[in-house]
Amino acid sequence: QQHLVESGGGLVQPGGSLRLSCAASGFSTDSYHIGWFRQAPGKEREGVVCLSGRDGTTYSADSVKGRFAIVRDNAKNTFYLQQNSLKPEDTAVYYCAALPPSRFIDIRSQCTMRTPEEGWPYWGQGTQVTVSS
């Protein structure tokens, strides 16, 4: 069964860094589309960074470009969200997600859909990132 387990969240000061982990089982991270999403209190879940399992194309939200990156370690069947230069507005619950590569998608559209809960079938449990001084 496809399963995602997250870790790595915590409290960090502005300007600091975190690396969130998403350990996958039941599928290969080198073939599935993968992504990171976040949900702040009172806001909808939004795409942060996503990676196409078909061609390796990435998409990053404008708010995190140059600061966040999605990284795969296929030997560990794990992918990460490297978060640098964190800002208070990055505070949210972060979720990893996966989508079978058999579904042909545009990764930008898939990452920016208004209700990603409906477009990504496999989700981690969420991990809290709080950026505060």
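Begin by selecting strand S9 (residues 92–99) together with S11, which pair in the antiparallel sense over 3 bridges; strands here are DSSP runs marked E of at least two residues, numbered from the N terminus, and two strands pair if DSSP finds at least two bridges between them. Within this pair, show tyrosine 94, whose bridge partner in S11 is threonine 127.

Before going on, note that this is a predicted model, in which local features need pLDDT of at least 70 and side-chain atom pairs count only at pLDDT 80 or more, while totals for chains, interfaces and linings use all residues. Residues are numbered from 1 along each chain as its sequence is written, and side-chain values use heavy atoms, with hydrogens and water left out.

Next, add strand S2 (residues 10–12), which runs parallel to S11 and is joined to it by 3 bridges; here valine 12 stands opposite valine 131 of S11.

Now keep S11 (residues 127–131) alone and turn on its side chains: which of them are buried? Thr127, Val129 and Val131 point to one face and are buried, whereas Gln128 and Thr130 point to the other face and are not, where buried means under 20% relative accessible area, with a 1.4 Å probe and protein chains only. In a regular strand the side chains alternate between the two faces of the sheet.

Finally, select the whole protein, which comes to 2 helices and 11 strands, the helices being DSSP runs marked H or I of at least four residues. Read along the sequence, the pattern is β-β-β-β-β-β-β-β-β-α-α-β-β. Along its principal axes the C-alpha trace spans about 45 × 30 × 25 Å, and buried residues make up 48% of the 133 residues.

Technical notes. Buried means under 20% relative accessible area, exposed over 50%, partly exposed in between (1.4 Å probe, protein chains only).
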